[in-house]
There are 2 protein chains.
Amino acid sequence: MQSKSNAKKRETTIAKQLAEELGVSVSTISRAFSPRAVIASETREKVLQRAKELGYQPNPFARSLITRKTNIASIIVSDITNPFYPEVLTRLTDSLQELGLNVMLFVSTNANDSDNIVSQALRYQPDVLIALAATVSSKAASKVTEAGASMVYFNRYVPNESVYTVTCDNYLGGQVIADFFLDNGCRYPAFISGLADATTNRERWKGFSERWLERAVSEPRKVEAGRFAHEAGFNATIKLLAGRVRPDAIFAANDLLALGALDAVQKAGLSAPKNVSIIGFDDIAMASWSSHSLTTYRQPVNKMITATVDIVKSILADKAQPPAAIHIPGELVVRSSAKIANMGRG
Amino acid sequence: MQSKSNAKKRETTIAKQLAEELGVSVSTISRAFSPRAVIASETREKVLQRAKELGYQPNPFARSLITRKTNIASIIVSDITNPFYPEVLTRLTDSLQELGLNVMLFVSTNANDSDNIVSQALRYQPDVLIALAATVSSKAASKVTEAGASMVYFNRYVPNESVYTVTCDNYLGGQVIADFFLDNGCRYPAFISGLADATTNRERWKGFSERWLERAVSEPRKVEAGRFAHEAGFNATIKLLAGRVRPDAIFAANDLLALGALDAVQKAGLSAPKNVSIIGFDDIAMASWSSHSLTTYRQPVNKMITATVDIVKSILADKAQPPAAIHIPGELVVRSSAKIANMGRG
DNA sequence: GTGAAAGCGCTAACAT
DNA sequence: ATGTTAGCGCTTTCAC
């Protein structure tokens with residue numbers, strides 16, 4: 001049957017053609033494409049130019065079969081409904097591309113799947129793996145090290161394991177927000193928790209509640225929204241407002257939850273910051289829209305990406321770098337969803 | 001220097017080990033992993049099980065070097081600030097994974113780059129390329145065909161070229177929105193245009209303006225926002241409202257623009273739908289939030305993804321499938337940002 | 001500085 | 001049903 005459409009038959013490979021046409025050997029062609037190979041620069045020029053005309057580039061599969069470097073970075077994400085991540089994903093990919101890495105993308109839809117997805121990713125022997133907002137089981141994590149690969153966790157922290165981690169300083173963020181509420185006269189704080197297991201969620205709560213208890217007697221309430229989503233934040237807040245003591249300060253584990261909280265407050269006939277102050281976490285684009293004007297703790301995306309890329313570079317250079325956890329401070333962006341006390345000047 | 005960290009030295013390859021241990025040849029190992037190869041099922045079982053224990057999987061590079069199938073799908077995206085696309089990206093990736101394809105991700109940051117990015121993608125000889133919300137030059141497009149690969153355009157239309165295209169029926173959407181405005185008594189329509197070159201943008205405007213002119217005498221105004229972004233929609237609307245004749249109906253080329261328009265209307269001391277009706281396009285998650293409650297034309301994401309995956313399947317099965325353009329109708333989701341006329345019943 | 005030869009890990013004829 | 005052989009497209013010793 002084999003119709004004519006099977007274009008790739010036997011055309012003596014472009015590389016060989018090229019070699020013949022230029023009167024050199026295939027090795028020379030190869031050397032022309034290896035920046036560090038010894039070759040007369042004129043020869044290289046000649047080869048490279050003609051190759052460009054022909055649209056020839058060395059086959060990366062054949063190449064990595066022998067070099068044992070794939071130039072592949074695998075990014076593993078779980079479901080990214082949070083608008084914070086798409087930007088991170090594209091910018092990270094862009095940066096990695098500039099490093100000469102090609103990105104393979106793996107999404108793990110349900111948490112159970114993550115182990116599976118990791119071994120899938122490992123098949124391509126990536127030079128480096130990056131877990132983006134994905135929680136990876138320690139079983140899967142050890143598979144990675146077994147395979148001799150390195151993994152960088154972006155915005156997830158793996159406790160008790162020696163791994164590369166880049167996160168915003170979530171604990172500090174929680175503290176800063178507690179301070180802000182306290183400094184501005186709030187008394188009855190509540191925390192809306194997103195994905196309970198996520199380390200981001202836990203650290204933010206930890207910083208917030210610990211700082212609060214250091215400075216005040218009241219204890220922050222905590223309500224589980226279950227997910228990082230607008231609707232979840234909305235529902236949690238409705239529940240919160242129906243309680244006996246209405247909170248006057250709500251810290252939501254991320255902006256999506258906080259925006260849900262804002263809507264719930266309005267739905268309840270109240271308003272922020274008049275009746276209740278609301279602060280989120282991330283500083284996604286929507287937070288600054290005038291319809292929301294959300295006070296939030298901004299994640300230092302640029303620095304986080306730079307730090308990640310630096311780690312990747314060091315891994316590429318020498319796998320023996322010791323893993324380190326990097327926590328980068330963000331900054332509180334004050335908008336109108338949280339009240340500011342009238343404090344006398346001077 | 002070569003420190004000990006260079007874990008991969010010479011361990012006779014797992015495949016050979018396996019073969020020896022099981023007393024079979026490497027070909028048999030290979031056959032066990034080829035679902036359609038002839039091999040005794042017991043032998044296969046035996047191999048597969050032991051392989052699993054050892055964590056062995058065939059090296060995809062070596063494999064595709066000979067099979068000339070890479071099992072790779074390359075997705076090319078441009079900057080995806082529109083929250084519509086992350087979801088598409090992850091779900092598409094997920095579906096492709098289920099098909100046994102691995103996804104390579106390429107982002108083209110500035111438009112000039114797109115040609116470059118395409119040839120980058122082509123190096124890996126993907127079984128199929130998918131352009132996601134990315135405008136690819138026809139030069140780059142022909143490179144793809146030259147390389148014997150197939151490309152599917154998601155939400156972009158390439159005029160005058162025979163390619164695989166899956167889009168929402170943008171023209172129809174524009175018409176439906178014009179009809180809605182007209183049926184509900186609007187008289188002075190305006191269109192907020194996003195990325196002027198994007199085919200989505202153009203088709204929506206075309207459907208909208210043509211239908212309007214069919215049914216009414218007034219001609220829709222059109223203002224260029226330049227990008228698909230909240231701020232751009234905001235600014236465009238401010239300009240629009242400052243004009244001599246204030247529009248009573250605004251169709252924004254996508255939801256992000258429409259949400260910006262909503263904020264601008266409020267900023268101007270007006271309100272939707274009282275003073276002006278606003279309709280967007282996409283139905284992103286935020287559109288349904290009570291703080292926005294945006295009437296919008298919903299893109300049939302599920303169907304669009306399914307259609308794309310179906311095309312990919314057919315390409316995988318036989319490259320000679322004739323290219324086709326698929327335009328899938330969406331549906332108008334009526335919320336409170338656009339007024340509904342009191343029309344008598346019965 | 002360059003060519004010849006070997007071989008990366010695998011699959012696909014061709015035997016048996 | 002399985003083993004043997006050849007070779008995918010490249011890089012890398014090793015000669016020269």
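Which of the 26 residues around DNA strand D come nearest? Select S30(A), R63(A), S27(B), T28(B) and R31(B): those are the ones. "Around" or "near" here means that a heavy atom of the residue lies within 4 Å of the strand.

Before you go on: this is a predicted model, where local features need pLDDT of at least 70 and side-chain atom pairs count only at pLDDT 80 or more, while totals for chains, interfaces and linings use all residues. Residues are numbered from 1 along each chain, chains are lettered from A in the order written, and side-chain values use heavy atoms, without hydrogens or water.

**Stop one: the phosphates.** Zoom in on R63(A), where a side-chain N or O atom sits 2.5 Å from a phosphate oxygen of DNA strand D. Next, pick T43(B), with a polar side-chain atom 2.7 Å from a phosphate oxygen of that strand. For R68(B), the distance from such an atom to a phosphate oxygen is 2.9 Å.

**Stop two: the surface by the DNA.** Color α2 (26-33) and α4 (60-67) of chain A, plus α2 (26-32) and α4 (60-67) of chain B; each gives two or more residues to the surface near strand D. These helices are DSSP runs (H or I, at least four residues), numbered from the N terminus. The largest share, four residues, comes from α4(A).

**Stop three: a helix in chain B.** Now show α1 (residues 14-22) of chain B and highlight its buried residues (under 20% relative accessible area, 1.4 Å probe, protein chains only). They are A15(B), L18(B), A19(B) and L22(B). Look down the axis of α1(B): these residues fall within an arc of 100 degrees (taken from the directions from axis to C-beta atoms), so they line one face of the helix.

Terms used
Polar contact = N/O pair within 3.5 Å; in protein donor to acceptor, adjacent residues only side chain to side chain. Buried < 20%, exposed > 50% of the residue type's maximum accessible area, 1.4 Å probe, protein only.
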